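User: I would like to learn how to read confidence and sheet topology in a model. Please take me through this one.

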Amino acid sequence: MARATEGGEPAAAPSLFDGLPQDELDVLLGTLERRHYPAGAVVIAEGDKPNRITIVQNGTAEVFVSDRRGIEHRVGWVGPGASVGEMSLFTGQPASGTVRAATDLEVLIMRETEFERLAARHPQVYRNLGAILAERLARTNRLAAGDTTGHLGMLIDRGGPPELAWAVAASIAWHTQTATLLIVLGDDPHEDLARLASERASPLEPRAHLLAVPSFDALRERSLTGRIDDLFATYPQILLLTRDGSTPEVETTRVLELTDANGAAVDGAIVIRGWSAASANTARAGSGLVDVPPLERQDLEALRTGLLPTSTPAGRAIGSVGRELAGLKVGLVLGAGSLKGYAHFGALHALERLGIPIDLVVGTSVGALAAGTHAVGMTPAEAIAVFDRAGPSIFRPRISTKSLLTNRPLARFFRDEIGEARIEDMPVPLAVVAADLETQREVVFRRGLIWLSLLASMSIPGIFPAVRVGGYTVADGGILNPVPSTVAAGMGADVVVAVKLSAGTPPLEAEAEAVESAGRVPSTLGVLLRSVDIMYSRLASDLTETTMITITPELPELPGANLRNFTRGGGYVQAGADAVHAALPRLRVALPWLTP
């Protein structure tokens, strides 16, 4: 746990005296030399050999290093309880940086002989020293790599449970597997919050850490933005918690409000309502409300470790917020592929078993139906049953100039299964993609009737008639893009997992002699379906700047599998699951919590 210090100044590293008996520590500190430095004074100059350890008692100091041109760069700061000069004392080498008082500074001076006496009596100071030097090495490596930024979120307490902010921080730490700092701006932390965060830990430990700062004024003295930049060298994820409603002038990833179970939605903010009796799945995706059920015993035990997994209802609800703040929001894209769409359910089941939650889902063509069943809350097994029941409604020949098959039975089936449910009312954000035949561009349905959007997105040209909806004449979305990953990125996904049902590598050209051959040719319907499948495989998928993992199941042709025998596509379910497991190494790179 990071330590709160006098004047709200946080210690930047573990203390040399961690674990020492307080009475002996008081005696030791009383014997050390005391010095005072006014603001701006140099405590240690770069290149000097101080031959002492300087321990900050009151005030703060900044640490600078010079580049090859002699220009100073601030690389950190120290506050009460922190120490400087250890490396020079033990190596005899000159100081590698300059320490300058930022405020009036009171320090204690420990000589080499005094340290040796202390270490002989309490060997744990060597362990403390190792932790201090390890933290500084990590900071130096980050600075050398230019990695001094991270994700910063703002939490505004509007009467939420005191443990809620810590739960968000612990969820972020679990998802990112990195140190996450919760800075409480205001009075001392609530006793329930402080109790959960009471376990001491190195700032480098991948868990949640707590830092209390009495007011914004203490931070403004030295620029809040600059202070946060310093903290990012140690903590890749930082949350600011304020209880007075004031917000600092810093750029944040997102602003969240913490309320009790009766909190109301606020435009432009995520409102986390704890501990709500409502199901976490009852809030609309676009409402900005996240209902967190009461913590279970398992949650409280996890929070004491500073890590909150998604194995409980509360952990799952808070996890959706944690992933968004940490830049790990997962978007699933389910592509086109006719009856090969059964593979989507194998992929969904495998993702669920691996602990990969879906924060938003996008589908096109048969992938739209799979996405729709997931958004309304069906399990993969329940969705497979829907596919099986849909089979008889799909193959209905007709005599028409518009298509080979009629879509009326399919429309009735969708309405019977889904009713008048609307896209914008789903607990999981949903997008259904179709193709406008007139403008030749994608149409993305984010509002309106789910059944109608599915009918439009699955209208394979020539086989089913085009559909007039929303002022457009639309058909199967796969004819423009079989895997619309940029739609997921546009909805806010940081990591896009895309299931592509047709391989995109064209075979080599086949040379042949133009002579008559015997054998049956496919039916008109078979030719159209095979043509569409070839088109799906040749179209390039969207490229997106977000992290993208494409999963391509191996889907050989199954005997007798066609629209007339749609349910035989169930033979592709296992292939979808196998493809997800084959992609697990790539998924672990993008999603840190999967690391074994």
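Analyst: Start with confidence, since this is a predicted model. Among the elements of the protein, strand β16 (residues 330-334) has the highest mean pLDDT, 97, while helix α7 (residues 216-220) has the lowest, 48.

User: Which residues at the start of the numbering have pLDDT below 50?

Analyst: Residues 1-13 do, and this stretch has 46 contacts in the model beyond near neighbours in sequence. Residues 217-223 also stay under 50, with 16 contacts beyond four places in sequence. Where pLDDT is low, the predicted coordinates should not be read in detail. For the protein, the mean pLDDT is 80, and 74% of residues reach 70 or more.

User: How should I read the open sheet of seven strands, and what is its order?

Analyst: Strands of a sheet pair through backbone hydrogen bonds, either parallel or antiparallel. Here the pairing is parallel, and the order is β11-β10-β12-β9-β13-β14-β15. The edges are β11 (208-213) and β15 (289-292); each has a single partner strand, so one side of each is left without a neighbour in the sheet. From one strand to the next, the twist averages 25°.

User: How many bridges join β13 to β14?

Analyst: Four bridges join β13 (residues 254-259) to β14 (residues 270-274), and the two run parallel. Within β14, I272 stands opposite L258.

User: Which strands does helix α10 touch?

Analyst: Helix α10 (residues 313-326) packs on the sheet and touches β9 (151-157), β12 (237-242), β13, β14 and β15. The direction of α10 makes about 140° with that of β15.

How values were computed
Residues numbered from 1 in each chain as written. Predicted model: local features only at pLDDT ≥ 70, side-chain atom pairs only at ≥ 80, totals over all residues. Heavy atoms only, no water. pLDDT = per-residue confidence, 0-100. Contact = heavy atoms within 4.5 Å. Pairing = 2+ DSSP bridges. Axes fitted to C-alpha atoms, helices over the stretch in contact; angles between N-to-C directions.
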